[in-house]
Amino acid sequence: MRTPVSVKLVAGLGPRGWLAVAAVFVAAWVLVPLAHLMLPESHPLHISTYAITLIGKILCYAVVAVAMDLIWGFGGILSLGHGLFFALGGYSFGMYLMRQIGRDGSYGADIPDFMVFLDWKELPWYWSGTDSFLWCLLLAVAVPGAIAWIFGYFAFRSRIKGVYFSIITQAMTYAAMLFFFRNETGFGGNNGFTDFKRILGYSITAPETRVVLFGLSVTLLLGTLILGKALIASKFGRVLTAIRDAENRVMFIGYNPLHYKLFIWTVSAMLCGLAGALYVPQVGIINPSEMSVANSIEIAIWVAVGGRGTLVGPIFGAGIVNLSKTWFTTSFPEYWLFFLGLLFILVTLYLPEGVAGLWAKIKARRAEKAALAAARAEAAAVPAAPRTPAAPDSKIPNGTAAKGA
Amino acid sequence: MKRLLLILSLAIGLGAGAVRADVAPEVLKGLASEDFDAKQGAVAALAEAGDADAARLLKALSDDAVAVAGDKLVIVAGEQVLDAANGKQLKPAPASPDSISLNNSLRQQVDGALAALRLLSIDKAERLAAAKALLADMGDGAALLPLFDKALKQEQDGDIKPILVQLQAQASLASPDAALRLQAVQTLGQSSSPAVKALLLPLIEKQGDTFAEPDEKVRLAAQTAIKAIDGRLVWSDMAGQVFTGISLGSILLLAALGLAITYGVMGVINMAHGELLMVGAYSAYAMQALFRSRFPDFVDYYVVAAVPVAFFVAAAVGMLMERTVIRHLYGRPLETLLATWGLSLVLIQAARLLFGAQNVEVANPAWMSGGVQLAENLSLPWNRLVIVAFSGFVLLVVWLLMNKTRLGMFVRAVTQNRPMAGCVGVPTARIDTLAFGIGSGIAGLGGVALSQIANVGPDMGQGYIVDSFMVVVLGGVGQLAGAVWAALGLGVVTKFLEGWAGAVIAKILVLVFIIIFIQKRPQGLFALKGRFVD
Amino acid sequence: MQNRRSFLKAAVISASIAAMGGIASSAYAADTIKVGILHSLSGTMAISETALKETALMTIEEINAKGGVLGKKLEPVVVDPASDWPKFAEKARQLLSQDKVAVTFGCWTSVSRKSVLPVYKELNGLLFYPVQYEGEELEKNVFYTGAAPNQQAIPAVEYLMSKEGGAAKRFVLLGTDYVYPRTTNKILRAFLKSKGVADADIMEEYTPFGHSDYQTIIAKIKKFAGEGKKTAVISTINGDSNVPFYKELGNAGLKAKDVPVVAFSVGEEELRGVDAKPLVGHLAAWNYFMSVKNPDNDKFIKMYRDWAKKAKLPKADTVVTNDPMEATYVGIHMWAQAVEKAKSTDTDKVIAAMGGQTFKAPSGFTLKMDETNHHLHKPVFIGEIKADGQFNVVWKTKGPIRAQPWSPYIPGNESKQKL
């Protein structure tokens, strides 16, 4: 069976859809910069640096959430180690930013500060070429992709799935975190990379740079959505959802699930890598705790809260959870973990389709009521006419299938 | 050097007969002063004086019982306060005496002086203790040689004599007579102590062009002796490493056994498993607090009481989790992972609010402190020995439960084939709850064990989750043997790698190994045989 | 479906933008001065940092009771970065741009300090950092009230090498794997070399954060110490790992008088959660101990005990004070004095007025903020652990020592020695 990879980018979005996309684009690239750069601070619509970095960060998380939805919501693969790919992308781009500090560090040396106090005389081999923006951007996509491909190839080939797979992704990110915490590994150890100065010659703290990074984050998110939609709407997507629901039967029909799972797994990892690369300059620090198990599990909850298998739901999920985190840790720090824990429990127990599912249910119920009212009105107006059939069958929602995962 | 001569003369003097005299006032002033040199001189003077008063004051110094009260130096002996100069009780007892402080080197000096004093004492136990103390730290041997000679002549006891022989040999190493040195080296070659090896090493070293040891025969004998000691040390080194591996393995076993049972029965990986360990550890803490306040005489046995308490509390928490959350997610293992992770967060924060974010103090009871010295360089700590024995005991009980009781039979049935077991009448829902309770209870027991060797704090469980999972994944499900072999194997391998490459690399290598192993044999080491799809 | 999805996305973005605007605080009382407190109240560092938040609140109340600063009351703004380093930067930015604090007292680990530095430099804020650290830093916007290596590590090693301290000839440098132990050990290695200690007599080992199984390392130390020369262990093990380390040490029979261990991250607070009996005789080096006896310290301890009872802190009757708490206390008072002198809370004016400030500290010495290098002159105490978790001071410097943030033992710092 040939491997279908037909990414028809233009298919799937109607003209109104494209109009909406354009609107968001304009908002991100024109309105937000204006609100941040032009308006004075006291103006009610002014967007502060704090706000723009916070939203930019959440947008990067949203990309990761969508990437996770692709593999979990549509592929049935729960990864508890996706934070690793995000962090690897961040580290790859971080290497570029560290090189851009140049001689402005505390020691005025050609190599980053942490290498100076480790007594290293020159850059190790894996840092070569990192003063090139394009190379590091390529690394940010290629390194997570390569690691994901190798790991996924061996895992899916042995048909490891379900809980076992989740656990070994957890082991993978834990081992990587331990590895990066070592100072000898050459990635800054516990401190990680920080104190960035420049990106492509522009100061990293300049408002214009922030605005551009923000715009790029929005663009990445839009691109991810479009890519995701195209993948899912294609034949590839149909086979993938079939694998999620009944892998054995798909195999019996003649498809090899390895290719499909491996493809979506690698694409998802690469998207996370890109998100990580955009995250680091906005937040200003990357450190091995991004690879912690807790971080990766939190990605899963963003998708669960937002709604698996909807592509858009996870964006809400990421936004809701992260904004709650910011609010809670300011106002009620002792209760943040209670809230998060209860969120995990309640969402999995009572809201398996997440917020998007809830929204869909409400809409469906309203449509049902409207149709019922219309039918009754019709029946009342024409009492002798034979009874019209009941409300239309609209209860099978798109995309969300049986609870196979 | 000077102080050793003084000690020497005092010891001989003591053998000749005790002289009673009050402790000199300059000595008392020296002890009470802040200056280190003055204190050192005062201790040396006490050693020289050698009489019973000096001995008493030295003993009090060693016990940290000497204090300054007003202008007098006093010894605080329980309720009584004695005058340091002559030992007479002071009435009325002076108020709030300010204890004087010794530092490590002063304490060493005091202990050395006491040991030399007691070597010739009438009491056998005192002589034995003094000999052992001198063995541990002899200081300048050459000056003490006459003392050892004299003590050996007098010594009849079979326990103390070999120690004195060794002391004499060690002291003879610096003797000017080559024959004596040779004999000393040959005696010392019988030892298996790294400290003795350290004494012999300088003999074969070079200083510039010349050897430190002029006599060739002595040098050769030293080399042979060192090789012999090394050979003996290698075995005890390896035994030590194996023991540390088994010790780690026994802890992993306690942590992972419960998880293996619940995963086998329900196919559920409980991410809150680490928190059940924490519940067990906090139960031990609570028992300790209870015993300290209610039964202070039996406080050393709080661990014994903590075992059943921890089991039942953890089992209760586990069964509650199963009833309220996990049961409703039956058939959705991935969601169960997430929900149990949420439970773990709630449990951690609850522990923080109840007990504080700080770690809490859980002390080893006296019978679990210290260690047993099997060889000079092999000392097995008691707490770890007890934990190894305890995990063996728990394993035995669980094996009996699984294989000899009806409940165990049901559990095995549900693990092997749930639908069929249900069909023949096994109450699967109840078995689920009970198995979960048992698994959680075992984790609670693991927590009690952990409280004796690691920190007890709200997030102590997080460090053991990944390890427990690895044991379950490696060992396979359905048979206890899998968990046992996996836990012990991982423990020993981790420790050996650690000695070779450091803690972090060892852990990473072990994790990578497991990831690769799982590709080759996804069902683990000991898998249930039989046909079943997925 | 597609247009609704995109519309929803636009709505989300605009809604969150509006929400952000709402979160931004608009009005603040003009007659208080806001003081930011940036310490982890949850997560792994909560154990150490919660006490610093309480000390800061207590000191602010003490100052307010005396009339405040420049006639205005101080208003504390407490945030919780939850031991998450990127969160530290986010909260710092929030404190400076949203709450508009005049000064921040915060951070503990070097990672947290390094992650907030760019924010303070960008927004020209003021940070007081109260914890002993590895040096190699000197920022205009930061005042360091904790010890630099020459005010803690080097005097401790000198003590160990002295006759009084046991005349150690071999050293084990044991630490947790992060920048503070790495840099400190680098400095110590160079220092030991300059005193004639050979490389073969130095053993350097690192363990990861949270490591708890020290059997192998203790066995290695035993072997190393058994090779004839008197050995001492210099421990830069961080926080949690200290408990299993000391337990293992005690059970393996390594007594303090045979192989003394001096620790730089173990204080009264860390010993509270530990059975101190096996640790008796081991050492720590700080610029302050709770057991130092003088009237200022008695007053400080009593003030904190009363505060703990009033604020209903857990186990309020056994609270302890330690070096970073004393440093926080001194730092806040010095800042208040500088503001009074500069007659303004403007960052640059206060920075100029800080140089030369003095304060009679609970350690019994009068500490001075150096005119140029933003560090305090501090005394050094060496203490031995007692069975009750307190320290017995066995040695101290005659007076405060000036800090050398750029250690002369690290190559490349030659030009910075006059700082």
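# A walk through chains A, B and C

Let's start at A167(C), which is partly exposed, with 13 other C-beta atoms within 10 Å. That label comes from a simple count: a residue is buried if 20 or more other C-beta atoms lie within 10 Å of its own, exposed if 12 or fewer, and partly exposed in between, with C-beta atoms placed from the backbone. Before going on, a word on what you're looking at: this is a predicted model, where local features need pLDDT of at least 70, side-chain atom pairs count only at pLDDT 80 or more, and totals for chains, interfaces and linings use all residues. Residues are numbered from 1 along each chain as its sequence is written, while chains are lettered from A and ligands numbered from 1 in the order in which they are written.

Back to A167(C): its phi is positive, about 55 degrees, although it is not a glycine. You'll find A167(C) in the loop between α5 (153-161) and β6 (170-176) of chain C; helices here are DSSP runs of H or I with at least four residues, strands are runs of E with at least two, and both are numbered from the N terminus. Most residues other than glycine have a negative phi. K100(C) is another non-glycine residue with a positive phi, near 55 degrees. K100(C) sits in the loop between α3 (85-98) and β3 (103-106) of chain C, and K100(C) is partly exposed, with 13 other C-beta atoms within 10 Å.

Now zoom out to the whole of chain C, which has 12 helices and 15 strands. Its radius of gyration is 23 Å, in agreement with the value near 22 Å for a compact globule of 419 residues; the radius is taken over C-alpha atoms, and the globule rule is 2.2 Å times the number of residues to the power 0.38. Buried residues make up 60% of those 419 residues. Of the contacts in chain C with a separation of 6 or more, 69% involve residues 24 or more positions apart, where a contact means C-beta atoms, placed from the backbone, within 7 Å.

What about chain B? Chain B counts 21 helices and 8 strands. Here the radius of gyration is 31 Å, whereas a compact globule of 534 residues would have one near 24 Å. Buried residues account for 49% of chain B. The domain assignment splits chain B into domain 1 (2-118), domain 2 (123-214) and domain 3 (242-520), with bounds from an automatic or database assignment. The C-alpha centres of domain 1 and domain 3 of chain B are 52 Å apart.

Chains B and C also touch: 39 residues of chain B and 40 residues of chain C take part in the contact. Elements giving two or more residues to the chain B side include α10 (194-200), α11 (216-266) and β8 (378-381) of chain B. The largest share of that side, 4 residues, is from α5(B). Sorted by class, the chain B side has 15 nonpolar, 20 polar and 4 charged residues; Ala, Val, Leu, Ile, Met, Phe, Trp, Tyr, Cys and Pro count as nonpolar, Asp, Glu, Lys and Arg as charged, and the others, Gly among them, as polar.

Last stop, chain A: helix α11 (residues 293-306) and helix α12 (residues 313-331) of chain A pack at about 115 degrees, their axes 7 Å apart. The axes are lines fitted to C-alpha atoms over the stretch in contact, and angles run from 0 to 180 degrees between N-to-C directions. The residues of this contact divide into 11 nonpolar, 3 polar and no charged.

How values were computed
Two residues are in contact if their C-beta atoms, placed from the backbone, lie within 7 Å.
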